[in-house]
Amino acid sequence: MPGRSERPVALVTGCSSGIGLRTVPALSDRGFHVVATMRNAGGRTRPPELEGEHVSVLPLDVRSAGSVRDCVDTVLGTAGRIDVLVNNAGIAPPNFVEEAPLPEWHEVFETNLFGQVTVTNAVLPAMRHAGRGRVVMVSSLSGRVPTPLLGVYSASKSAVESYAETLRLELRGTGVRVALIEPGAFRTGMWHSPMLDADFPKTSPYAGDFARLRAFYRDYIDHHLGDPDRVAQTVARVAAGRGGRRLRHPVGADARTQIALRAALPWAVYERLARALVGLGGRAGKRAGKTEPSDAETVR
Ligand SMILES: NC(=O)c1ccc[n+]([C@@H]2O[C@H](COP(=O)([O-])OP(=O)(O)OC[C@H]3O[C@@H](n4cnc5c(N)ncnc54)[C@H](OP(=O)(O)O)[C@@H]3O)[C@@H](O)[C@H]2O)c1
């Protein structure tokens with residue numbers, strides 16, 4: 001970390017890859033000194049995004065209160081300020097909500113929701129004292145429009161949406177602004193899930209749906225994911241105060257379209273469309289409990 005920073009300081013979580021990594025140069029280009037944080041800050045070759053003059057790299061695990069405290073204390077003790085917090089770190093293990101084991105639910109919520117709460121609470125006193133600051137929460141289209149196979153993740157991001165909205169209302173008048181970034185689907189490590197390559201138990205009542213959903217997601221991942229730089233640029237624009245007074249910032253045509261359809265359509269119409277879009281036809285009630293007829297025990 002440099003000494004007292006003339007530049008405004010932006011602290012970003014989850015910078016080892018994907019959107020967080022791309023956000024580092026985007027913020028630096030907008031005049032910030034960027035504190036790029038990650039769970040494992042040493043021991044590997046740093047990508048060029050982290051080598052800039054106005055970038056410092058520090059360890060931070062959003063699931064460890066001690067690690068969060070150490071990181072925030074280091075930044076405030078050296079740079080003397082944190083002007084922007086970008087809560088970006090997140091995980092999205094796919095599963096059917098009924099089949100996801102409880103420890104998986106805990107891991108997702110501890111990272112995606114409680115992680116954001118822990119880091120935000122560590123930073124807010126300094127922002128409040130300064131009478132200014134921005135907290136940018138990387139949520140997701142899934143937080144507004146839940147998707148089959150991403151239900152645990154969607155639930156955590158819906159909670160982030162609710163948390164951010166309340167925080168924004170409660171911080172009104174303090175000079176601290178809260179914003180939500182809602183990306184659609186972008187090309188990052190989040191989509192490299194072992195589940196999409198692994199066997200799936202044929203005995204599961206979801207085996208047939210899994211085969212269809214996997215075909216849909218594989219095609220989507222191969223052909224339709226957007227460039228994560230678009231999300232990074234939106235984060236940086238909002239962090240720099242160029243996002244207007246809006247709370248929510250959807251990114252990508254898929255996000256804007258699906259949010260609009262979800263709000264406009266009656267549920268019965270939306271439900272048919274949402275299932276058809278991901279390759280699931282038919283009526284949900286008819287499938288329950290049925291498995292695909294086959295001698296094999298797993299879907300490959
Ligand atoms: N890609 C998309 O289509 C998309 C769409 C909507 C929203 N998002 C959101 O964008 C954010 C970034 O995800 P991404 O797409 O860039 O995926 P990614 O490449 O997998 O990046 C996720 C980042 O979060 C970090 N992380 C996970 N657990 C952490 C922890 N306990 N403490 C600190 N860092 C942790 C990862 O670090 P490690 O290397 O240590 O695992 C990694 O740096 C997430 O909040 C995600 O929900 C992504």
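Let's start at the ligand, where a backbone N or O atom of Gly189 sits 3.5 Å from a ligand oxygen atom. With the protein around it, the ligand has 91% of its area covered, out of the 880 Å² of accessible area it has on its own. Keep in mind as you look around that this is a predicted model.

Gly189 has company in this part of the chain. Phe186 also brings a backbone N or O atom to a ligand oxygen, here at 2.7 Å. Thr188 does it with its side chain instead: one of its polar side-chain atoms lies 2.6 Å from an oxygen atom of the ligand. Phe186 and Thr188 are among the closest residues in the shell, along with Ser16, Asn88 and Tyr153.

How many residues make up that whole shell? The ligand is surrounded by 29 residues. By type they split into 13 nonpolar, 12 polar and 4 charged. Two helices to pick out here are α1 (18-29) and α4 (151-171), each of which gives the shell at least two residues.

Helix α1 is a handy place to step away from the ligand and look at charge pairs. Side chains of opposite charge can pair when their charged atoms come close. The structure has 13 salt bridges, and one of them joins the side chains of Arg22 and Asp229, with N and O 3.2 Å apart. Arg22 is in helix α1 and Asp229 is in helix α6 (residues 229-239), so this pair ties together parts of the chain that are 207 residues apart in sequence. Buried or exposed, where do the two partners fall? Arg22 has a relative accessible area of 27%, so it counts as partly exposed, and Asp229 is partly exposed too, at 30%.

Next, find Arg218 and Asp197, whose side chains meet in a salt bridge at 3.7 Å, N to O. This one links a helix to a loop: Arg218 belongs to helix α5 (residues 207-223), while Asp197 is in the loop between β6 (176-183) and β7 (200-201), so the parts tied together are 21 residues apart in sequence. Arg218 is partly exposed, with 37% relative accessibility. Asp197, at 57%, counts as exposed.

Stay on helix α5 for another pair. Arg212 forms a salt bridge with Asp209, and their closest N and O atoms are 2.9 Å apart. Both partners lie in α5, 3 residues apart, or about one turn of the helix. Arg212 is partly exposed at 35%, whereas Asp209 is buried, with only 5% relative accessibility. Elsewhere, salt bridges go beyond single pairs: Arg144, Glu161, Glu165, Glu182 and Arg248 are joined into one network by bridges that share partners.

Now for some nonpolar residues. Which leucines form a patch on the surface? Leu261, Leu273 and Leu277 do, and together they have about 230 Å² of accessible area. Leu273 is part of helix α8 (residues 267-277). Its relative accessibility is 34%, which puts it in the partly exposed class, since a residue has to be under 20% to count as buried.

Val72 gives you the opposite picture. It belongs to helix α2 (residues 65-78), and with 0% relative accessibility it counts as buried. Val72 and Val123 are 51 residues apart along the chain, yet their C-alpha atoms are separated by 6.8 Å.

Another buried valine is Val251, with a relative accessible area of 3%. Val251 sits in strand β8 (residues 248-251). Gln233 is 18 residues away from Val251 in sequence, and the two C-alpha atoms are 10.0 Å apart.

Finish with a backbone detail at Leu149. Where does this residue sit? Leu149 is in the loop between β5 (133-138) and α4. Its phi angle is near 80°, a positive value in a residue that isn't glycine. Leu149 is also buried, despite its place in a loop, with 4% relative accessible area.

Methods:
Residues numbered from 1 in each chain as written. Predicted model: local features only at pLDDT ≥ 70, side-chain atom pairs only at ≥ 80, totals over all residues. Heavy atoms only, no water. Near = heavy atom within 4 Å. Polar contact = N/O pair within 3.5 Å; in protein donor to acceptor, adjacent residues only side chain to side chain. Areas by Shrake-Rupley, 256 points an atom, 1.4 Å probe, with all protein chains shown as cover. Helix = DSSP H or I, 4+ residues; strand = E, 2+ residues; numbered from the N terminus. Nonpolar A, V, L, I, M, F, W, Y, C, P; charged D, E, K, R; others polar. Patch = residues over 30% accessible without salt bridge, like charges linked within 9 Å, V, L, I, M, F, W, Y side chains within 5 Å. Salt bridge = Lys/Arg side-chain N within 4 Å of Asp/Glu carboxyl O. Buried < 20%, exposed > 50% of the residue type's maximum accessible area, 1.4 Å probe, protein only.
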